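Me: Please take a close look at one sheet in this structure. I would like to know how its strands are arranged and what packs against them.

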Amino acid sequence: MESIKILVAEDEPDMGKHIQRCLERFGFQVLGLASNATDALATASQIRPDLVLMDIMMPGGMSGIDAAARMRIELNIPVIFLSGAHDEATMERAIKAEPIGYLLKPFDPSTLQTTIESSLHQYRAARERAQKSLEKAEEQFRIMFERSVLGIFRISRSGKLLNANASLAGILGYKDGADLLAHAEIYGEIYEKPSNRHQLLRQLASAGVINNFETRVRRRDGSPIWIRINARLIRDDRGKTLCCEGMVQDISEQKRMQMERDKMEVMLRQAQKLESIGQLAAGIAHEINTPTQYVGDNIRFFMDSFQDIRRVLTLYGQLLDSCKNGAVSDEMLQKVESEIRRVDLDYLNTEIPRAIAQTLEGVERVATIVRAMKEFSHPGTKEKVTTDIHKAIESTLIVCRNEYKYVAEVKTSFDPTMPLVRCFPGDFNQVIMNLVVNASHAISDSLKGRSVEKGEISISTRHDEGWAEIRISDSGTGIPEEIRARIFDPFFTTKEVGKGTGQGLAICHAVIIKKHGGAIAFETEVGKGTTFIIRLPLFEGNGENEAA
């Protein structure tokens, strides 16, 4: 029986040598030991082993999983993973690289031998089955090629169009496949932006496959259309690229509809923002009216008190003149004393400073609300701007204070190391307000029939390796399990008529994920409350694009 040639990739030298001795004892041929994934990939490309034993956790810029994926795609070499990691997340990532086996450390030598032999047997059997079905697949491809409603193409390594079906010709404005092939020299020039073609080729060369690549091209008559491309490189057994084949779909109508949806989303966000501001108007008026009331009352008090003080000062002036003339009468003294008792100077001496302090406090309160409104209603910008999200949160809390102050105490805990965040300030403020208002409504519902006076809303921030994380928690009712999957759906609401349109959370979802490339999720427990978690990228291109 032919000896199986194996490359071992293990960052621990002693472990690597131990595995080599075990393999050689079982009759396998070890072609080499690699201490990192980059060297393993380079060595595998040179010596072409039958199998690679790859440790998942490797030093350097490339992981064992990444190297295994490239070995499978570029070199067609099978990999068995060796790992001490038992966590589910690591195993899920490893599975995506399509290894033929997976061994958890520590393992005994007999298990190693069995795994290698059985995995290779299954791998080779699968390849034989694939080879036998190749002719059938090629026949099916020919039928699909001729009848498919999708445009199908095959291009040489140099970029020359080799094959094209009638659907592709129709998409690009040609009579049929033969007509398109007759003009094959211009196929590479159909891209409206040449840089898009270069981008596609780079991605294809890097990964060997490209999925759902969208770009604009021009038809034969010069009219622009949107297309979606799915393609892959075809390689021989040695990994050499032979050609590229793929499919093209005309998505112009889908793009038009998407643009309409995007416009609708913008309109909905604006409408919801206007609606929210309308709902807040009464609360803001109340917040301003309260300090305005006592400022006005104090000013009237000052006006009345000043009249009394002016009369006393007038009498003091008369008394002073009498003293100068040496003619102070008992009647004058009694008149002065009577007026002092009437106006109660001791009382005014105590109350006027208090009233002045209260008036200044009221003026500052109104100024604070006005500043908060100005910051909250930040004009929309076409590009992200660096923003102090802590200041933005505080301004939003001032603006919507009337929504929560009767049902909840708000506590904040801000990360002092948080840098400025590039975002759309107005949209960010809107998201915070929506979540705080929702939290206050949830707390209000939870307080019905309970003796607790107020609930609690807590807002915290955290700087997490390139991400700004904001958590908004409430002690409300929590979200029932049966509706958790729908809370971000447009127009979905459990609130009574007139209390909510169902747009708040949908707009939060769209703003955070689509506009900011961030993520929004929630944790909830019925009867305990809910926490919404927002993550915003601190750097461009760091977007997760996660759905909640």
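Reply: In this predicted model, the sheet is an open one of 5 strands with mixed pairing, and its order is β12-β14-β15-β17-β16. The edges are held by β12 (408-413) and β16 (519-525); each has a single partner strand, so one side of each is left without a neighbour in the sheet. From one strand to the next, the twist averages 15 degrees.

Start at the β12 edge. Strands of a sheet pair through backbone hydrogen bonds, and they do this either parallel or antiparallel. Here, β12 pairs with β14 (residues 455-463) in the parallel sense, over 6 bridges. To find the pairing in the 3D view, look for Thr 412, which stands opposite Ile 459 in β14.

Next come the helices. Helix α13 (residues 389-399) packs on the sheet and touches β12, β14 and β15 (467-474). The direction of α13 makes about 165 degrees with that of β14. The edge strand β16 has a helix as well: α16 (residues 504-515) lies across β16 and β17 (529-537). Helix α16 runs at about 140 degrees to β16.

To trace the sheet on the screen, begin with β12, follow the order through β14, β15 and β17, and end at β16. Then add α13, which touches β12, β14 and β15, and α16, which lies across β16 and β17.

Conventions:
Residues numbered from 1 in each chain as written. Predicted model: local features only at pLDDT ≥ 70, side-chain atom pairs only at ≥ 80, totals over all residues. Heavy atoms only, no water. Pairing = 2+ DSSP bridges. Helix = DSSP H or I, 4+ residues; strand = E, 2+ residues; numbered from the N terminus. Axes fitted to C-alpha atoms, helices over the stretch in contact; angles between N-to-C directions. Contact = heavy atoms within 4.5 Å.
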